[in-house]
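Trainee: Please take me through one part of this model in detail, starting from a single residue at the surface. I would then like to follow it out to the salt bridges and the empty spaces elsewhere.

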Amino acid sequence: MSMNSSFPLSGFKVLDLSAYIAGPYGCNLLADMGAEIIKVEPPEGDNLRKYPSTLLGESRAFLGVNRGKRGVCLDLKSTFGYEVFIRLVKQADVVVHNFRPSVPARLRIDYDTLRAHNPKLIYCSLTGYGQSGPLANRAGYDQVLQARTGICSSQGTTDDPKIVYGSVVDYYGAAMLANGVTAALLQRERTGEGQHVAVSLLGSALAMQAARLVVAENEPRSINRDMRSGGITGIHPTRAGHLYISANTPHFWRALCTLVGQPALADDERYDSVKKRAAHVDELLPILREALLNRTAEEWEVLFGDQVPCSVVRNVEDVFEDAQVLEQGFIGEHRHPALGPYKTIANPISFGAAQGRRELRSAPGLGEHTTAVLRELGYSDSQIESPNGNQSD
């Protein structure tokens, strides 16, 4: 595999045993920083491959969270599959999995076992609820954790809770995983020691609500924990389309009032703070929305320019033609062995010391690189083709 040595994690090898979104995308982020990722799947593959998709022969979600990896199939329950995995571990810097805490020991891939083969190994386990406690061995999923940690009731109301779609807990967990692994690698450079890094979706769901999860002594349970600005900042209908507006600072509030033809509102002391505007939202919102009906969302976006932070509410498909996105190089073309060429996010992190852009690699087909990786490990073709190997090519 070609490698750009100027990327921060170039030269580090990561074994990704995880499935679904959080673990795989965490490893995806490590790939974006230059690490070599080998995705290790069971013969039946990551279950995300089987999720509904309008793409022929592959899951859109799987492609989206598994960029930049090579893929191998190993049956860890077979003698040969386990032997291959241990060989990989001996050469690896990091192992990532998302098994429940009771599973790794049964598969003989727990931290103590793998550390005996590679004392410098960074071992990252992503779980639903953490390594201990009454819920530790429950399966954890994004929306389940949203419901448990107050996200759903805060997104909607206690009487009408709402899921935040987009797997936000998973993606935040992925970022925590990449951050934790990178920090552990940095510490290993200083000490020479490996360690077990533990990340959970429960911790992710709580961490992403840091501004809300503050409770003072003797504070009542039923209080408003949000910093919402009363409806002025938010999504509004226009003559055609919807527009998101953020006007919390005095400067932006004045610009908004002036540009919608209501300059007197900016000088009214009843509305001269976010808190006051929230208290008078029933008076202000009808005025604002009536004014916004005079133009389309796109016309308002042009008129507001850099004077009022705003955006037309667009569809995700529009991102592929977004001039700013394209200028930043955030979309790249990949080539999948079965699907062919496709476009997806690329290079979301920029490193000034890196020379050029990192090589783009698509999500792997199931077992796409098994034979190549086994050859790199020293296996002969006859060993690879042995029925006892139970490998997919």
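Mentor: Happy to, and let's begin with Ile235, which sits in strand S7, a run covering residues 234-237. Keep in mind as we go that this is a predicted model. Ile235 counts as partly exposed because its relative accessibility is 46%. On the surface, Ile235 joins Tyr244 and Val313 in a nonpolar patch of about 260 Å².

From S7 we can move on to the loop between S7 and strand S8 (242-245), where Arg239 is found. The side chain of Arg239 forms a salt bridge with that of Glu299, at 3.4 Å from N to O. Glu299 belongs to helix H14, residues 297-304, so to speak of this pair is to speak of distant parts of the chain, 60 residues apart. The two ends differ in cover: Glu299 is partly exposed at 34% relative accessibility, while Arg239 is exposed at 51%.

Helix H14 takes part in another such contact. The side chains of Glu301 and Arg314 meet in a salt bridge of 2.7 Å, N to O. Because Glu301 lies in helix H14 and Arg314 in the loop between strand S9 (310-312) and helix H15 (323-327), this pair ties together parts 13 residues apart in sequence. Arg314 is partly exposed, with a relative accessible area of 39%, and Glu301 is partly exposed as well, at 21%. Elsewhere, Glu36, Arg70 and Glu376 are joined into one network by salt bridges that share partners.

These contacts belong to a wider set, since a search of the whole structure finds 17 salt bridges. Another of them makes a useful contrast: Arg67 and Asp32 meet through their side chains at 3.0 Å, N to O. Arg67 is in the loop between H2 and strand S3 (69-73), Asp32 is in helix H1, and the pair links these distant parts of the chain across 35 residues. Here both partners are covered: Arg67 is buried with a relative accessible area of 1%, and Asp32 is buried with 2%.

Asp32 brings us to helix H1 itself. H1 is mostly covered, with 11 of its 11 residues buried. Among them are Ala22, Pro24, Tyr25, Cys27, Leu29 and Leu30, along with Asp32. Just after H1, Gly34 takes a positive phi of about 110 degrees.

Now for the empty spaces. Rolling a probe the size of a water molecule over the atoms shows where empty space is left. The largest pocket has a volume of about 1,100 Å³. It is lined by 41 residues, and those closest to its centre are Leu17, Ala19, Tyr20, Asn98 and Phe99. Helix H1 (22-32) returns here: H1, strand S2 (36-41), helix H4 (103-107), strand S5 (122-127) and helix H6 (142-148) each supply at least two residues of the lining. H4 gives the most, with three residues. By class, this lining has 20 nonpolar, 10 polar and 11 charged residues.

The second largest pocket comes to about 680 Å³. Of its 25 lining residues, Arg60, Gly64, Phe320, Lys343 and Thr344 are the closest to the centre. Helix H2 (60-65) and strand S11 (340-345) each supply at least two residues of that lining. Its classes are 17 nonpolar, five polar and three charged residues.

There are enclosed spaces too: the whole structure has two cavities of 30 Å³ or more. The second largest cavity holds about 60 Å³ of space. Its lining is made by Ile232, Trp253, Leu256, Cys257, Val260, Gln262, Leu265, Leu284 and Leu288. Helix H10 (250-259) and helix H13 (281-292) each supply at least two of these residues, and H10 has the largest share, with three. By class, the lining has eight nonpolar residues, one polar and no charged ones.

To set all this in its frame, the chain has 17 helices and 11 strands. Of its 393 residues, 44% count as buried. Its C-alpha atoms fill a box of roughly 80 × 50 × 40 Å, taken along the principal axes.

Methods. Residues numbered from 1 in each chain as written. Predicted model: local features only at pLDDT ≥ 70, side-chain atom pairs only at ≥ 80, totals over all residues. Heavy atoms only, no water. Patch = residues over 30% accessible without salt bridge, like charges linked within 9 Å, V, L, I, M, F, W, Y side chains within 5 Å. Areas by Shrake-Rupley, 256 points an atom, 1.4 Å probe, with all protein chains shown as cover. Salt bridge = Lys/Arg side-chain N within 4 Å of Asp/Glu carboxyl O. Helix = DSSP H or I, 4+ residues; strand = E, 2+ residues; numbered from the N terminus. Buried < 20%, exposed > 50% of the residue type's maximum accessible area, 1.4 Å probe, protein only. 1 Å grid on protein atoms, 1.4 Å probe; cavity = no way out; pocket = protein on both sides within 12 Å on 5 of 7 lines; lining within 4 Å. Points joined across faces, edges and corners; volume = space filled by probe spheres on them. Nonpolar A, V, L, I, M, F, W, Y, C, P; charged D, E, K, R; others polar.
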